[in-house]
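Please open the model in your viewer and keep the sequence panel beside it, since the tour moves from one selection to the next.

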Amino acid sequence: MNQPIDLVIFDCDGVLIDSEVISARMLVAELATRNVHITMDYVAHHFLGRSYPVVLQQIRKEFGVDLPPEFETAYRASLLSAFEVELRPIDGVREVIENLGVDYCLATSSSPPRLARSLEITGLTDLFAGRTTTASEVAHGKPAPDLFLLAAEKHGVAPERCLVIEDSENGIKAGLAAGMEVYRFIGGSHLAGLLDSATATAGAVQLFASFGEFFQLRPDLKNNGN
């Protein structure tokens, strides 16, 4: 049976907004200008759910390349330009949030400026005022549990009463390490064709591809008042 939940913690990229496919494409392109050639599959397995400093460490370790500060500047500029044109919210996520009968928040590896602009572009800012936690606030990002534990602490909810909605393997590991229930959302464009059905859950207790399924999985979390 489902455990009682008092707080739903949403990851942002790939869960609330369909951003990961854009981010991956722009990162692959920018790295190619530095003669570092990776695939979308590589991004999905090594970078999804991770903060930018972790990406730098992985590139240094795997390819022996130290990316200068101007690389980040160029990457973020190109990414935000692409977001302005292409970024969309995940279908159905607003309706789910507006009908939740429990508290909710978001916890993300994105930087605060990128998060703020992403929510503005997708029209979700109003839903998350005072409800955000970013990797900049903790010592260790995903797959460490710090980010989700801080989000729960801010809302005064015990970890075992939290449900994490994640798309990335690193995010799932972080939620599980925090002692929380974790559902994996696989409806983002970036995961199309990349998941092996045998390992798709990555340890999450539920897998779903549409927010239209959310309250079918957890009818107890729906606000049935009014």
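Across which strands does helix H8 lie, and at about what angle does helix H8 run to S5? This is a predicted model, and if you select helix H8 (residues 169–177) you will find that helix H8 lies across S4 and strand S5 (181–185), running at about 165 degrees to S5. Keep helix H8 selected and colour its buried residues, which are Asn-170, Gly-171, Ile-172, Ala-174 and Gly-175; the buried residues of H8 pack against H2, H7, S4 and S5. Just beyond, H8 is followed by Gly-179, whose phi is positive, near 80 degrees.

Next, select S5 alone, where five of the five residues are buried, so that S5 counts as mostly covered because buried here means under 20% relative accessible area. In a regular strand the side chains alternate between the two faces of the sheet. In S5, Glu-181, Tyr-183 and Phe-185 are buried on one side, while Val-182 and Arg-184 are buried on the other, and both faces are thus covered. Adding S4 to the selection shows a parallel pairing with S5 over four bridges, in which Tyr-183 of S5 is the bridge partner of Ile-165.

Now widen the view to the whole sheet, which is open and has six strands in the order S3-S2-S1-S4-S5-S6, with parallel pairing. At its edges are strand S3 (132–134) and strand S6 (206–208), each of which pairs on one side only. On average, neighbouring strands of this sheet are turned by 25 degrees against each other, direction ignored.

Move to the S3 edge and select strand S2 (residues 103–108), which pairs with S3 in the parallel sense over three bridges; here Leu-106 stands opposite Thr-132 in S3. Helix H7 (residues 146–154) lies across strand S1 (7–10), S2, S3 and strand S4 (162–166), and runs at about 150 degrees to S3. In the loop between S3 and H7, select Pro-143, where the peptide bond from Lys-142 to Pro-143 is cis, with omega near 15 degrees.

From there, go to helix H1 (residues 20–32), whose 13 residues reach 18 Å from the first C-alpha to the last, close to the 18 Å expected at 1.5 Å a residue. Its buried residues are Glu-20, Ile-22, Ser-23, Ala-24, Met-26, Leu-27, Glu-30 and Leu-31, and the buried residues of H1 pack against helix H2 (40–46), helix H3 (52–63), helix H4 (69–86) and helix H6 (112–122).

Follow the chain into the loop between H1 and H2, where Asn-35 is placed. Is Asn-35 buried or exposed? Asn-35 counts as exposed, because its relative accessibility is 60% and the cut-off for exposed is over 50%. Asn-35 also has a positive phi of about 65 degrees although it is not a glycine. Most residues other than glycine have a negative phi. The loop between H1 and H2 also holds Thr-39, which counts as partly exposed because its relative accessibility is 48%. Drawing a distance from Thr-39 to Glu-166 gives 22 Å, C-alpha to C-alpha, for two residues that are 127 residues apart in sequence.

The last stop is the largest pocket, which has a volume of about 540 Å³. Its lining comprises 30 residues, and those that lie nearest its centre are Arg-50, Ser-51, Tyr-52, Ser-109 and Ser-110. Select H1, H3 and H4 together to finish, since each supplies at least two residues of the lining of the largest pocket.

Technical notes. Residues numbered from 1 in each chain as written. Predicted model: local features only at pLDDT ≥ 70, side-chain atom pairs only at ≥ 80, totals over all residues. Heavy atoms only, no water. Pairing = 2+ DSSP bridges. Axes fitted to C-alpha atoms, helices over the stretch in contact; angles between N-to-C directions. Contact = heavy atoms within 4.5 Å. Expected span 1.5 Å × (residues − 1). Buried < 20%, exposed > 50% of the residue type's maximum accessible area, 1.4 Å probe, protein only. 1 Å grid on protein atoms, 1.4 Å probe; cavity = no way out; pocket = protein on both sides within 12 Å on 5 of 7 lines; lining within 4 Å. Points joined across faces, edges and corners; volume = space filled by probe spheres on them.
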